Amino acid sequence: MPVDLNGYWKMVSNDNFEEYLKALDVNIAIRKIATFLKPDKDITHNGNHITIKTLSTFKNYNMDFEVEKEFVEDLSGVDGRKCRTTIKWEGDKLVCMQKGEKEGRGWTHWRDGDLLHLVTLLQIPVY
């Protein structure tokens, strides 16, 4: 049984997020706003169905999915893109991979006691 991610989580730190947004070609105004914000996460986790609400004073984003089932994710409210997303469990970590305009994009969530961790990923191809 995977770890229980249910709960309301408050952001504590936001390390290297601007570099991640820059690699996604997000414009400077949105990058500055995004790095200033400290969004909360409201996660409901029931079996393979998970809803992650990212809540901030600027913009909210809801992600509703079934683990291991690919879906089209509309990120137009975040960075103007759509992608095919698959999220799966790797041990106690929830791992997301997004396919689309920017390949190798994704994130990993895991819980350590009373802290929810999120690491974003963008693998830039080496030629």
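Buried means under 20% relative accessible area, exposed means over 50%, and partly exposed lies in between (1.4 Å probe, protein chains only). This is a predicted model in which local features need pLDDT of at least 70, side-chain atom pairs count only at pLDDT 80 or more, and totals for chains, interfaces and linings use all residues. Residues are numbered from 1 along each chain as its sequence is written, and side-chain values use heavy atoms, with hydrogens and water left out.

**Exercise 1.** State whether F65 and F71 are buried or exposed, then classify their ring pair.

Solution.
- Burial: F65 and F71 are both buried.
- Rule: rings of Phe, Tyr and Trp (its six-membered ring) pair if their centres lie within 6.5 Å; planes under 30 degrees apart count as stacked, over 60 as edge-to-face and the rest as tilted.
- Count: there are 2 aromatic pairs in the structure.
- Result: the ring centres of F65 and F71 are 6.0 Å apart and the planes stand at 5°, so this pair is stacked.

**Exercise 2.** Classify the pair F17 and Y20, and give the burial of F17 and of Y20.

Solution.
- Geometry: with centres 6.1 Å apart and planes at 20°, the rings of F17 and Y20 are stacked.
- Burial: F17 has 21% relative accessibility and counts as partly exposed, whereas Y20, at 12%, is buried.

**Exercise 3.** Which residue lies over the face of W110?

Solution.
- Rule: a charge sits over a ring if NZ of Lys or CZ of Arg is within 6 Å of the ring centre and within 35 degrees of the ring normal.
- Result: K93 lies over the face of W110, 4.6 Å from the ring centre.
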